[in-house]
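Trainee: I should like to work through this structure with you, one question at a time. Where should we begin?

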Amino acid sequence: MGKRRLALCAGVLAVTAFGPAACAAYAADGGDVSVVPAAPAPGADIALRVTGCDAREAVAQSPALVSDARLTPDDGDGLAGDGRVRSTVTAGTYTVTVACDGTEHKGTVEVVRKQAPAAGAEPSAHPSPVAPVNAGGGGAARVLADGRERHGPGAAQTVVALALAGTAALTVHRAARRQARRGRGTR
């Protein structure tokens, strides 16, 4: 799955997780520029998509974004890209404009305040990973944590390497002998 498609799927999941207010904001967009999630908090990552644009790339601009977002062809009939909402932006509705082949496409993004949890409410998710991923080193962390160090190939790898080297040498030797016999017979 491509990065853009994954970002769009994650955005759709986020919209459903934030409830009807986010869905209503997405439906009220009305333009041919869509923003997922349509109601992000300051500092959130968003996925942008424009339809009806035949260009190979375009740029989405909005005062709510940290910087202009570069849009490139997606799997469908439009252009897509990623952006980030400025962390200092105030809550409100902002216009997103995409200039495409001399035509302006518009949409909106409604930035919402980060909601503080209610007093005494427990968070629904753990604040840190419960089962962290084996990242980097190809799983070498567990081997190093065991304290055992391995130096070089084992006996099995050595035997296989020697067998392959011997087979290669024998093949080269036979080819050379065959070539020498042909050379003697043609003179």
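Mentor: Let us begin with a term: a residue counts as buried when its relative accessible area is under 20%, and as exposed when that area is over 50%. Please keep in mind that this is a predicted model.

Trainee: Does Asp74 count as buried or exposed?

Mentor: Asp74 lies in the loop between S4 and strand S5 (78–84). The limit for a buried residue is under 20% relative accessible area. Asp74 has 16% relative accessibility, so it counts as buried.

Trainee: With the side chain of which residue does the side chain of Asp74 make a polar contact?

Mentor: Leaving aside residues up to four places away in sequence, Asp74 touches Arg49, Leu79 and Ala80. The polar contact, at 2.6 Å, joins the side chain of Asp74 to the side chain of Arg49.

Trainee: Which strands stand at the edges of the open sheet?

Mentor: The open sheet has 7 strands, with antiparallel pairing, in the order S1-S2-S5-S4-S3-S6-S7. Each edge strand has a single partner strand, so one side of it is left without a neighbour in the sheet; the edge strands are S1 and S7.

Trainee: What is the average twist from one strand to the next?

Mentor: This value describes how the strands of the open sheet, ordered S1-S2-S5-S4-S3-S6-S7, turn along that order. From one strand to the next, the twist averages 25°.

Trainee: Over how many bridges do S6 and S7 pair?

Mentor: In the hairpin of S6 and S7, 2 residues stand between the strands, and Asp101 takes a positive phi near 50°. One bridge joins Thr95 to its partner in S7, Thr108. S6 and S7 pair in the antiparallel sense, and the number of bridges is 9.

Trainee: Which residue in S6 is the bridge partner of Ala60?

Mentor: S3 and S6 pair in the antiparallel sense over 3 bridges. The bridge partner of Ala60 in S6 is Val98.

Trainee: Which strand gives the most residues to the largest nonpolar core?

Mentor: This core has 22 residues, and Leu48, Val50, Ala60, Leu71, Val96 and Val98 touch the most other members. Among the elements that give two or more residues to the core are strand S2 (45–51), strand S3 (58–61) and strand S6 (92–100). As for Val96, its contacts include Val33, Val35, Leu48, Ala60 and Val109. With 4 residues, the strand that gives the most is S6.

Methods:
Residues are numbered from 1 along each chain as its sequence is written. This is a predicted model: local features need pLDDT of at least 70, side-chain atom pairs count only at pLDDT 80 or more; totals for chains, interfaces and linings use all residues. Side-chain values use heavy atoms; hydrogens and water are left out. A nonpolar core is a set of buried Ala, Val, Leu, Ile, Met, Phe, Trp, Tyr and Cys residues joined through side-chain atoms within 4.5 Å. Buried means under 20% relative accessible area, exposed over 50%, partly exposed in between (1.4 Å probe, protein chains only). Contact means heavy atoms within 4.5 Å. Two strands pair if DSSP finds at least two bridges between them. Axes are lines fitted to C-alpha atoms, for helices over the stretch in contact, and angles run from 0 to 180 degrees between N-to-C directions. A polar contact is a pair of N or O atoms within 3.5 Å; within protein, one must be able to donate a hydrogen and the other to accept it, and residues adjacent in sequence count only if both atoms are side-chain atoms.
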